[in-house]
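Got the model open in your viewer? Here's a short tour, one selection at a time.

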Amino acid sequence: MTSGNLQRVASQAWELFSMFRSGRIDGSRFAQNLNLLRDNVSKISAADLNIDTKNLPNYAPWAAPSGYMDICEDSFMTMGVFTLRKTGMNIPLHDHPGMHGILKVVYGQVRIRSYSYAERIGQPGQTPPAVPQFAGLASQPSAESLTPTRLASDSVHNSESGAILLTPEIGNIHAIEAVDGPAAFLDVLSPPYDPPERDCQYYHELPVNGDAAANQKDQITWLLRIPQPKEFHCELEDYPGPDIQIGST
Ligand SMILES: [Fe+2]
């Protein structure tokens with residue numbers, strides 16, 4: 001076990017994200033340090049987390065599709081490990097409102113499909129995209145339940161892949177699915193979810209009526225806000241790795 005790597009990442013993340021307490025952020029310095037943090041998260045392995053990868057299919061209690069191991073959390077950041085027990089199990093399309101995140105696959109392979117916000121409906125100074133007619137719906141959804149997005153990426157990642165970054169605008173909404181047996185990934189988020197003000201919302205991609213080529217040209221994917229899908233739940237698992245300290249000393 002190489003606990004130093006994980007502690008280094010946690011300390012670096014806390015130093016970076018606790019900058020928000022001052023309310024004065026140097027944007028370019030923040031971006032530079034965020035990239036440095038991503039580089040270090042890229043080096044984290046299952047061994048750093050002391051995860052018994054052979055036992056992953058049995059990790060999540062009560063056969064939940066997904067498990068979560070809490071490593072550390074305070075008001076600035078949270079760090080934990082998600083597990084997916086077998087192929088096809090997934091964390092459905094969800095958002096991270098106003099949050100930054102870094103995700104690193106440490107075991108298995110996952111497909112990550114992520115979307116960035118397009119122009120928000122009614123945002124001042126922007127012409128909102130016209131809401132199209134959607135296919136296969138009994139009634140057309142309200143504009144408030146829709147989020148226009150653009151696909152940011154859709155690719156398969158494994159433990160050899162670098163960490164993936166999401167920001168409040170870019171790649172903020174994503175779905176994660178195990179594609180070749182069980183999988184596990186480290187998640188660093190800032191700030192943590194804090195319902196009801198900063199809650200996780202789930203989405204469904206809406207197919208648009210009509211000409212596929214025209215839709216592609218438009219390049220907007222409309223996401224419909226939905227309740228948490230019934231088939232998805234996540235259960236807490238014991239974190240077997242080294243104790244991690246965050247906060248000022
Ligand atoms: Fe996520």
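Start by selecting P196, which sits in the loop between β9 and β10. Helices and strands here are DSSP runs (helices are H or I with at least four residues, strands are E with at least two), numbered from the N terminus. Before going on, two notes. This is a predicted model, where local features need pLDDT of at least 70 and side-chain atom pairs count only at pLDDT 80 or more, while totals for chains, interfaces and linings use all residues. Residue numbers run from 1 along each chain as its sequence is written.

**The loop with two cis bonds**

With P196 still selected, add P195: the peptide bond from P195 to P196 is cis, with omega near 5 degrees. Now step back to P191, which is found in the loop between β9 and β10. The bond joining S190 and P191 is also a cis peptide bond, this time with omega at about -10 degrees.

**Zoom out: the whole chain**

Show everything as cartoon. You should be able to pick out four helices and twelve strands. How much of the chain is buried? Of the 249 residues, buried ones make up 30%. Buried means that 20 or more other C-beta atoms lie within 10 Å of the residue's own; 12 or fewer makes it exposed, anything in between partly exposed, with C-beta atoms placed from the backbone. Among contacts with a separation of 6 or more, 84% are between residues 24 or more positions apart. A contact is two residues whose C-beta atoms, placed from the backbone, lie within 7 Å.

**The sheet**

Next, colour the strands β7, β4, β9, β2, β1 and β12. In that order, these six form an open sheet with mixed pairing. Two strands count as paired if DSSP finds at least two bridges between them. At the edges are β7 (164-166) and β12 (234-237), each pairing on one side only. From one strand to the next, the twist averages 25 degrees. Such angles run from 0 to 180 degrees between N-to-C directions, using axes fitted as lines to C-alpha atoms, for helices over the stretch in contact.

Walk in from the β7 edge. Strand β4 (residues 100-107) pairs with β7 in the antiparallel sense over three bridges; select I102 and L165 to see one pair of bridge partners. β4 also runs antiparallel to β9, joined by seven bridges, and here G101 has L189 as its partner. Carry on to strand β2 (residues 78-84), which pairs antiparallel with β9 over seven bridges; L84 and A183 are bridge partners there.

Stay on β9 for a moment. Seven of its eight residues are buried. Then bring in helix α2 (residues 27-41), which lies across β4, β7 and β9 (183-190) and runs at about 15 degrees to β4.

**The cores**

Which residues touch the most other members of the largest nonpolar core? Select A13, V106, A184 and F185: those are the ones, in a core of 41 residues. A nonpolar core is a set of buried Ala, Val, Leu, Ile, Met, Phe, Trp, Tyr and Cys residues joined through C-beta atoms within 7 Å. Elements supplying at least two residues each to this core include α1 (3-17), α2, β5 (109-117) and β8 (173-178). A second, separate core has six residues, among them I173, Y203, W222 and L223.

Centre on A184. Leaving aside neighbours within four places in sequence, its contacts include A46, I51, L56, V81, F82, V106 and G108.

**Three single residues**

Hop to G108, in the loop between β4 and β5. G108 counts as buried because it has 23 C-beta neighbours inside 10 Å. Beyond four places in sequence, G108 touches N158, A178, D180, G181, P182, A183 and A184.

Now H204, in strand β10 (residues 202-206). Is H204 buried or partly exposed? With 13 C-beta neighbours inside 10 Å, H204 counts as partly exposed. Measure from its C-alpha to that of L93: the two are 6.9 Å apart in space and 111 residues apart in sequence. Not counting residues up to four places away in sequence, H204 touches L93, L223, L224 and I226.

Last stop: N50, in the loop between α3 (46-49) and β1. N50 has a positive phi of about 60 degrees although it is not a glycine. It counts as partly exposed because it has 14 C-beta neighbours inside 10 Å.
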